[in-house]
Every structure is written in C-alpha cells, then in structure tokens.
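Student: Please take me closely through one part of this structure, and then follow the connections outward from there. I would like one continuous account, with the reasoning spelled out.

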Amino acid sequence: MSGLTITALHASHGRNSILTGVDLAVDDGALACVLGPSGCGKSTLLRVIAGFHPAARGQVTLGGRVIDDGHRRLPAERRRIGYVPQDGALFPHLTITQNIGFGLPRAARRERTGELLHLIGLDGLGDRHPHQLSGGQQQRVALARALAPEPELLLLDEPFSALDAALRTDLRAEVAATLLRAGTTAVLVTHDQEEALSFADTIAVMRTGQIIQQAPPAKLYQEPADADVARLIGEANLLPARLDGTRAETALGRLPLTRTTPVTGPTTVMLRPRQLQLSTAAGPDSVRVSLLNAVFRGHDHRLELTPHNGQGLPERLIAYTDTAPPAGDHPVYVQAVGTAHPLNGATTAPASPTP
C-alpha cells in the first residue's frame, strides 16, 4: 500500500471555500498530525477523507485507489477508513465487547474483540457498559471499535481534547503505541502543539485552508517556514538580522544558520527560548536585560526579559532556564547559543504570548 496522498484538494460549505489547495502525503503505517488553529479547515479535511463531505476538486488517494476527485466519490462505507470523534460516541446500552464488535460479521466478533481488548489493555472488562469506565478507558474503546474492521486508515478528530491534562498525556502515548503495534496509518487533527509533537511522525501545519509546511516534528520545530509556523509550534524569539549566506549578524552576535542560504541582506531569524542563556557577568556578544517576569513551571523557569536601550532587539525576549533567575540587584546579561533559523517572508515581531 502507498498510504494517503492528497493533491490540490478544494472543498466548500455552500459558497464559502474551506479547503483551497491542500497537499498532504502520509506514508503507509505512519502517524501524521494536521495542526492548526480553530477554523483553518482541519475537521473539513478529515470529513472529506472519510467520505462525509464532498471534494470540489483535487484528488484523495488511499492505498493507490482514488477515493474522491471531485467527480467520482467512493462511498464512506467502502473506503476502509476508521473514524474516532472527539467524544468517542459509544453506544451506552451496549457492553464494551458489543461496542467493539458492532458492525463486524457475527462469526468474527468473539476472536476480534478479544484481540482488541488485549491490545487496548482492557482485558476482563468486556462485559461492562461505557458508564462504568473512565473517560480515558472509553476513548480506548472508541479506538478499538474503529480498529475492529482493520481499516487502511484511521482518522482521529481531537479525541483527547475533553480529558484532563495528565490523562491526555498518558492516553495519547498509549494510543500512539497501540497504532504502531497494529501497523495502522493514522491522521490526527489538533490545535495543541504539544500533542502534535509527541504523537506524530510527520506534522502538517494548516492555515486558512492550505498546508503551509509538512515535516518531521524536530525539523518543523527547528526550521519552521515562517513566523506564524514558528509561533504555532512553540514560543519563539524573532530577531532582526543581516544574512551573508552562512551566518546572521544580530544584536546577539554573529550566529551560524540552520541552513546555508544564497540570500544576502536584512531578514528575521528565529531563536527558541532554550537558546538564550543568562549570566550576571557580561560576555562576548551578550546584551544586558531586565527581568520582567519569571514563572516556575516545575521542569524549568520561563523568563520574560527586556533589553536595555533596545539594542536592536525586540521589546521582549523569552528564555527557559533550569535554574532560578539571579536574585537581588545584580545586572543580568543574555547571550545566544546554537544556530539561527532564517524565516521566509518574516517581519520583526516580539516573542509569542504566554501559553
């Protein structure tokens, strides 16, 4: 099988265009995530793939089969696609075993439901009803029900959004592990960047009905296409710079680039908060700053800083440090480490707001 391929996909609600040329590729067996803000078209994209909403034009191909091209549409029930909605949508009057086996041929139910109860870690709970399970257990049952007919592709529409933070973190790790064991290709849609980074093999950033950038999580975080992608995937410091092809001249010194570029001239580069280091002593290329705010987050401290006298920097910088900021009246200096990433079409702007 060749996985999922979407080319130049358009879709509308009435006269309103929602998808305006989506291109997406998901390898067979991969876990993909479509990440974007509310209203960007994520759920519509999922519905077109599932067969719940028609494509206006473009092409959706699954396993080498064209399932929608704006003219020919394969019915949803013949696409071999599983779908997990936000709330799980379990049948309250059926047992867990009956929910999982719903829609399977009678002869295959006992063996297949037993396999899936074991796969999701709910052995021995098959005779219970949904109200007797926790929210996380219910979502695992919804996942098992979607996997029961052995779909070529599984679609997950923000299935963890209603859960509390700790349960959400644990469950998405369990779901990712379950899908990898089952060898199922999956597409998750979310607006949560932490969820996307921890779940997916590849992330497609969506904005106003188009995929702006698709890349593995680490590459997307380190080398976003533009300032909006940089902020969507995590906090970012955007600095004015002048490029000479291999390095960027900034107020924090001459920094190597994440990639060489033939461009010479003014632009904006990105530094992540972990790349800013604090000291009470001035050093080469360091800049004096004032501490505006410090928040202890358990695993680190998030600091908001403002440079003295501007010094060619944004009004506010964000730094993450493992140790508490210097106490008392000591002067504080910041310097940059690592590589700077030039942004396409970037304009200088302050760091993103507190998450």
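Tutor: In this predicted model, Glu-152 is a useful place to begin, because its relative accessible area of 13% falls under the 20% limit for a buried residue. Glu-152 forms a salt bridge with Arg-65, and the closest N and O atoms of the pair are 3.4 Å apart. This contact links distant parts of the chain, since Glu-152 sits in the loop between helix 4 (135–147) and strand 7 (153–157), while Arg-65 belongs to strand 5 (residues 65–68), 87 residues apart. Arg-65, with a relative accessible area of 28%, is partly exposed, whereas Glu-152 is buried.

The loop that holds Glu-152 lies between helix 4 and strand 7, and strand 7 takes us on to strand 8. Five bridges join strand 7 to strand 8, and the two run parallel; within this pairing, Leu-156 has Leu-188 of strand 8 as its bridge partner. Strand 3 (residues 31–35) is also joined to strand 8 by five bridges and runs parallel to it, with Thr-190 of strand 8 as the bridge partner of Leu-35. As background, strands of a sheet pair through backbone hydrogen bonds, either parallel or antiparallel.

Strand 8 (residues 185–190) has six of its six residues buried, so the strand is largely enclosed by the rest of the structure. Thr-185, Val-187 and Val-189 point one way from strand 8, while Ala-186, Leu-188 and Thr-190 point the other way, and all of them are buried. In a regular strand, the side chains alternate between the two faces of the sheet.

Strand 3 spans residues 31–35, a range that brings us to Cys-33. With a relative accessibility of 1%, Cys-33 counts as buried. Cys-33 is in no disulfide, and the nearest cysteine sulfur, which belongs to Cys-40, is 11 Å away; a disulfide would require the two sulfur atoms to be within 2.5 Å. Cys-40 is likewise in no disulfide, and it is buried, with a relative accessible area of 4%. The count for the structure comes to zero disulfides.

Salt bridges, by contrast, number 20 in a search of the whole structure, and the pair we began with can be set beside others. Asp-300 forms a salt bridge with Arg-274, the closest N and O atoms being 3.6 Å apart. Asp-300 lies in the loop between strand 16 (287–296) and strand 17 (301–307), and Arg-274 lies in the loop between strand 14 (264–271) and strand 15 (276–279), so that the pair links distant parts of the chain, 26 residues apart. Asp-300 counts as buried at 2% relative accessibility, while Arg-274 is partly exposed, with a relative accessible area of 42%.

Strand 17 also contributes Glu-304, whose side chain meets that of Arg-316 in a salt bridge (3.4 Å, N to O). Arg-316 is in the loop between strand 17 and strand 18 (317–321), 12 residues from Glu-304. Glu-304 counts as buried at 11% relative accessibility, and Arg-316 is buried with a relative accessible area of 19%. Salt bridges that share partners join Glu-304 and Arg-316 with Glu-235 and Arg-302 into one network.

Methods. Residues are numbered from 1 along each chain as its sequence is written. This is a predicted model: local features need pLDDT of at least 70, side-chain atom pairs count only at pLDDT 80 or more; totals for chains, interfaces and linings use all residues. Side-chain values use heavy atoms; hydrogens and water are left out. Buried means under 20% relative accessible area, exposed over 50%, partly exposed in between (1.4 Å probe, protein chains only). A salt bridge is a side-chain nitrogen of Lys or Arg within 4 Å of a carboxyl oxygen of Asp or Glu. Helices (H or I, at least four residues) and strands (E, at least two) are DSSP runs, numbered from the N terminus. Two strands pair if DSSP finds at least two bridges between them.
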